[in-house]
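Take a look at the fold first, then at the ligand sites. The report below follows that order.

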Amino acid sequence: MSTLFLVALMALAIVQNSAMSDDFNQLFQPNWAPDHISTEGDQIKLTLDTISGCGFESKKKYLFGKVSMQVKLVEGDSAGTVTALYMASEGLNHDELDFEFLGNVSGEPYLVQTNVYVNGTGNREQRHTLWFDPTAAFHTYSFLWNRYSILFLVDEVPIRVFANKEENGAPYPKTQAMGVQGSVWNADDWATQGGRVKTNWSHAPFVSTFRGFEIDACELSPETDDIASSKCGRVGEFWWDKPRMSGLNRHKSHQLKWVRRRHLVYDYCMDSGRFYEMPRECIV
Ligand SMILES: *[C@@H]1O[C@H](CO)[C@@H](O)[C@H](O)[C@H]1NC(C)=O
Ligand SMILES: *[C@@H]1O[C@H](CO)[C@@H](O)[C@H](O)[C@H]1NC(C)=O
Ligand SMILES: *[C@@H]1O[C@H](CO)[C@@H](O)[C@H](O)[C@H]1NC(C)=O
């Protein structure tokens, strides 16, 4: 087979296997309190009030790829509220990747909590402040997930790398397809200043706005039972799979260092009092 033909074949495979669209309705559907979700042009507004929060989920599930959304968070007094963007598989032993935006009283900073669940177990939190006001404008939050690592990106700046440390015996999410979800809910038992500050319902409704939905990922059909040899599991089929995607380039590693120095406020891997034995992915 000629190289050119192979390249053409691969390009065709990519066109067929990945979904890229900013059309909310094409990719997503409400999955909790649809009456609290409204559309305004290309924007989706999620409302939390005394009656309910709400959320949406992707119609499809994906194994590896890049998922991005632009979000503008609840303004003013957002204490007690959490806006979330996450990927999750189903069932008790599910895998999950989280961005959770923990609100605060007016003028105090939001925290971004990220977490990784593998086979039903999380407890892998990091917390960051942001270098901008996330309520003033839209910013892009992304997951870039491949067999080497999971990058959590804010406006393309990596704030966290969860590397595959299976060689150290650490679990890594790579066998379950995940859906993409967004939601807003009340979490005033823990979210703001450790749960000390409660949601002030006289400031409801609390609204977070989403737009710019992009899923460039490998869609896995629910019938697939042999994931490793499925199109999503084969090595080198997609751009996120290429060997150059196995690490950060110089520029991105500098950005990550800067974020860790200036904006990291909590890292479970540095919380030695919390674990009897440090999680294996924390061992360098
Ligand atoms: C996932 O967790 C279950 C127990 O909840 C365990 O039986 C199973 O072996 C685990 N799978 C992997 C791949 O670690
Ligand atoms: C809220 O503001 C307080 C005071 O500045 C800060 O300690 C806390 O980390 C902020 N974020 C959250 C989610 O509590
Ligand atoms: C809630 O907000 C109202 C209106 O701004 C304010 O008067 C009240 O003191 C707030 N309640 C608390 C517990 O902060």
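## The eight-stranded sheet

In this predicted model, eight strands make up an open sheet. Their order is 1-4-13-6-7-8-9-15, and the pairing is antiparallel. Strand 1 (28-32) and strand 15 (264-267) stand at the edges. Each has a single partner strand, so one side of each is left without a neighbour in the sheet. Direction ignored, neighbouring strands here are turned by 15° against each other on average.

Inside this sheet, strand 6 pairs with strand 7. Strand 6 covers residues 81-88, and strand 7 covers residues 96-102. The two are antiparallel and share seven bridges. Across this pair, Leu85 stands opposite Phe99 of strand 7. In general, strands of a sheet pair through backbone hydrogen bonds, either parallel or antiparallel.

## The seven-stranded sheet

Seven strands build another open sheet. Read across, the order is 2-3-14-5-10-11-12. Pairing is antiparallel here too. Which strands form the edges? They are strand 2 (37-40) and strand 12 (157-163), and each pairs on one side only. From one strand to the next, the twist averages 25°.

Strand 5 (residues 62-72) runs antiparallel to strand 14 (residues 206-219). Eight bridges join them. Gln70 sits opposite Arg211, a residue of strand 14.

## The chain as a whole

The chain holds three helices and 15 strands. Its radius of gyration is 19 Å, close to the 19 Å that the globule rule gives for 284 residues, so the chain is as compact as a globular protein of that length. Along the principal axes, the C-alpha trace spans about 70 × 45 × 35 Å.

## Loops with unusual backbone

Two loop residues deserve a look. The peptide bond that joins Ala204 and Pro205 is cis, with omega about 0°. Pro205 lies in the loop between strand 13 (179-186) and strand 14.

Glu156 is not a glycine, yet its phi is positive, at about 70°. This residue is found in the loop between strand 11 (149-154) and strand 12.

## The site of ligand 2

What surrounds ligand 2? The shell includes Leu102, Gly103, Asn104, Glu108, Pro109 and Leu111. Ala191, Thr192 and Gln193 also belong to it. By type, the shell residues divide into four nonpolar, four polar and one charged.

Polar contacts come from side chains and backbone. A side-chain N or O atom of Asn104 is 2.4 Å from an oxygen atom of ligand 2. For Glu108, a side-chain N or O atom is 2.5 Å from an oxygen atom of the ligand. Pro109 uses its backbone: an N or O atom there lies 3.1 Å from a nitrogen atom of ligand 2. On its own, ligand 2 has 360 Å² of accessible area, and the protein covers 69% of it.

## The site of ligand 3

Ligand 3 is surrounded by Asn200, Ser202 and His203. Which side-chain distances link Asn200, Ser202 and His203 to oxygen atoms of ligand 3? For Asn200, a polar side-chain atom lies 2.3 Å from a ligand oxygen. For Ser202, an N or O atom of the side chain is 3.0 Å from an oxygen atom of ligand 3. For His203, a polar side-chain atom lies 2.8 Å from a ligand oxygen.

How much of ligand 3 does the protein cover? It covers 25% of the 370 Å² of accessible area that ligand 3 has on its own.

Technical notes:
Residues numbered from 1 in each chain as written. Chains lettered and ligands numbered in written order. Predicted model: local features only at pLDDT ≥ 70, side-chain atom pairs only at ≥ 80, totals over all residues. Heavy atoms only, no water. Pairing = 2+ DSSP bridges. Helix = DSSP H or I, 4+ residues; strand = E, 2+ residues; numbered from the N terminus. Axes fitted to C-alpha atoms, helices over the stretch in contact; angles between N-to-C directions. Near = heavy atom within 4 Å. Polar contact = N/O pair within 3.5 Å; in protein donor to acceptor, adjacent residues only side chain to side chain. Areas by Shrake-Rupley, 256 points an atom, 1.4 Å probe, with all protein chains shown as cover. Nonpolar A, V, L, I, M, F, W, Y, C, P; charged D, E, K, R; others polar. Rg over C-alpha atoms; globule rule 2.2 N^0.38 Å.
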